[in-house]
Amino acid sequence: MSQKCAIVTGAARGIGLATTDLFREEGWHVAMVDRDVEELRKVVAERDGVLGVERDVSNPQDVGAMVRETLDWAGRIDALVNNAGVAEFGPVQDCDFTTWRRVMETNLDGVFLCSQACTDALKETRGAIVNIASISGLRASTLRVAYGTSKAAVAHLTKQHAAELGEFGVRANCVAPGPVKTKLSMAVHSQAIIDAYHDAIPLNRYGSERELAEAIVFLASPRSSYVNGQVLAVDGGFESTGVGLPALRD
Ligand SMILES: NC(=O)c1ccc[n+]([C@@H]2O[C@H](COP(=O)([O-])OP(=O)(O)OC[C@H]3O[C@@H](n4cnc5c(N)ncnc54)[C@H](O)[C@@H]3O)[C@@H](O)[C@H]2O)c1
């Protein structure tokens with residue numbers, strides 16, 4: 001296949017689905033990976049130029065199969081977007097080891113496994129890895145001991161890959177989204193959290209899936225050919241500002 005091919009994990013909905021659609025608009029094929037089989041089949045049936053890959057990124061056998069199925073279909077992998085993620089919020093002392101592992105196995109182990117499994121194919125295309133972290137990995141805040149720590153590790157893992165894979169022409173970058181109204185965030189954002197985010201974000205609103213997709217596809221494409229090892233906060237200005245913003249706005 002002469003067209004470029006991206007693997008997008010967690011593609012059945014939310015940011016991963018919007019990223020899939022922007023890749024398609026730009027002429028890429030997309031292997032859509034998700035463990036939510038029902039939702040994945042539905043969205044795959046509605047799209048051309050995609051392959052549904054019903055796999056769990058935290059399972060090494062599944063990840064090996066994901067790469068084989070993609071290569072059998074497209075013959076190449078030009079970009080890997082490690083987007084699949086889970087969020088569980090709760091106080092530090094209530095985060096039992098099972099919860100901790102459930103968050104880490106998808107958010108961190110999954111990124112490690114998928115990146116490693118795609119490395120040979122990415123070397124062939126001089127392709128790119130784009131990892132999806134979070135502002136919760138850039139700044140600590142309440143209730144996110146597992147989630148925030150997993151995302152901070154993803155930002156660093158990105159730099160490890162950039163450092164070692166650069167000599168093969170493979171770039172690795174990271175997007176740290178601010179809040180976006182998706183199933184993931186709405187399950188853990190109370191009204192108080194939503195209000196607090198509005199106050200703390202200079203743009204004074206949540207982002208959209210499409211706004212995240214724009215940054216992700218840019219970092220996956222040759223348009224960012226000299227950008228490597230970076231963490232880009234796509235967050236309406238949250239990360240760059242300090243205390244006192246709402247008072248100053250008034
Ligand atoms: N929505 C936000 O506010 C927000 C903010 C910061 C970061 N993020 C990050 O963006 C990414 C996408 O989030 P979203 O809001 O679109 O979430 P979402 O819940 O809408 O979509 C995530 C998708 O990933 C899939 N998934 C989860 N674990 C998986 C696994 N082990 N294997 C395969 N598929 C799996 C789910 O089935 C789901 O379809 C996540 O990494 C998330 O942590 C989101």
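**View A. Glutamate 26, in the loop between helix 1 and strand 2.** This close-up, like the others here, comes from a predicted model. Helix 1 spans 14-25 and strand 2 spans 29-34, and Glu26 sits in the loop that links them. Is Glu26 buried, exposed or partly exposed? Its C-beta has 13 C-beta neighbours inside 10 Å, so Glu26 counts as partly exposed. For a sense of scale, pick out Pro202 as well: Glu26 and Pro202 are 176 residues apart in sequence, and their C-alpha atoms are 31 Å apart in space.

**View B. Arginine 47, in the loop between helix 2 and strand 3.** Helix 2 covers 37-45, and strand 3 covers 50-54; Arg47 belongs to the loop between these two elements. Arg47 has 14 other C-beta atoms within 10 Å, so it is partly exposed. Look for Asp21 in the same frame: Arg47 and Asp21 are 26 residues apart along the chain, with 8.7 Å between their C-alpha atoms.

**View C. The seven-stranded open sheet.** Read across the sheet and the strand order is 3-2-1-4-5-6-7, with parallel pairing. Which strands form the edges? They are strand 3 (50-54) and strand 7 (231-234), each of which pairs on one side only. Averaged over the sheet, neighbouring strands are turned by 20° against each other, direction ignored. Helix 3 (residues 60-74) packs on this sheet and touches strand 1, strand 2 and strand 3. The direction of helix 3 makes about 160° with that of strand 3.

**View D. Strand 4 between strand 1 and strand 5.** On one side, strand 4 (residues 79-82) runs parallel to strand 1 (residues 5-9), and three bridges join the two. On the other side, strand 4 pairs with strand 5 in the parallel sense over four bridges. Leu80 is a handy residue to follow here: in strand 4 it is the bridge partner of Ile7, and its own bridge partner in strand 5 is Ile129. Helix 4 (residues 97-125) lies across strand 1, strand 4 and strand 5, and runs at about 180° to strand 4.

**View E. Strand 5, covered on both faces.** Why is strand 5 (128-132) described as largely enclosed by the rest of the structure? Five of its five residues are buried, so the label fits. In a regular strand, side chains alternate between the two faces of the sheet. Here Ala128, Val130 and Ile132 are on one side, Ile129 and Asn131 are on the other, and all of them are buried.

**View F. The largest nonpolar core, seen around Val175.** This core holds 67 residues, and the members that touch the most others are Ala6, Met32, Val175 and Ile216. Which helix gives the most to it? That is helix 4, with eight residues. Leaving out residues up to four places away in sequence, Val175 touches Val130, Ile132, Leu212, Ala215, Ile216, Leu219, Leu232 and Val234. There is also a second, separate core of five residues, which includes Val103, Val145, Ala146 and Tyr147.

**View G. The shell around the ligand.** How many residues surround the ligand? The count is 30, and the closest are Gly10, Gly14, Gly85, Thr182 and Leu184. Helix 1, strand 2, helix 4 and helix 6 (183-188) each supply at least two residues of this shell. By residue type, the shell divides into 12 nonpolar, 12 polar and six charged.

**View H. Two non-glycine residues with positive phi, Arg126 and Leu143.** Most residues other than glycine have a negative phi. Arg126 has a positive phi of about 55° and lies in the loop between helix 4 and strand 5. It has 14 C-beta neighbours inside 10 Å, so Arg126 counts as partly exposed. Leu143 has a positive phi of about 75°, and its place is in the loop between strand 5 and helix 5 (145-165). With 18 other C-beta atoms within 10 Å, Leu143 is partly exposed too.

**View I. Aspartate 96, in the loop between strand 4 and helix 4.** Is Asp96 buried or exposed? Asp96 has 11 other C-beta atoms within 10 Å, so it is exposed. Asp96 and Thr9 are 87 residues apart in sequence and 26 Å apart in space, C-alpha to C-alpha.

Terms used:
Residues are numbered from 1 along each chain as its sequence is written. This is a predicted model: local features need pLDDT of at least 70, side-chain atom pairs count only at pLDDT 80 or more; totals for chains, interfaces and linings use all residues. A nonpolar core is a set of buried Ala, Val, Leu, Ile, Met, Phe, Trp, Tyr and Cys residues joined through C-beta atoms within 7 Å. A residue is buried if 20 or more other C-beta atoms lie within 10 Å of its own, exposed if 12 or fewer, and partly exposed in between; C-beta atoms are placed from the backbone. Two residues are in contact if their C-beta atoms, placed from the backbone, lie within 7 Å. A residue is near a molecule or strand if its C-beta atom, placed from the backbone, lies within 6 Å of it. Ala, Val, Leu, Ile, Met, Phe, Trp, Tyr, Cys and Pro count as nonpolar, Asp, Glu, Lys and Arg as charged, and the others, Gly among them, as polar. Two strands pair if DSSP finds at least two bridges between them. Axes are lines fitted to C-alpha atoms, for helices over the stretch in contact, and angles run from 0 to 180 degrees between N-to-C directions.
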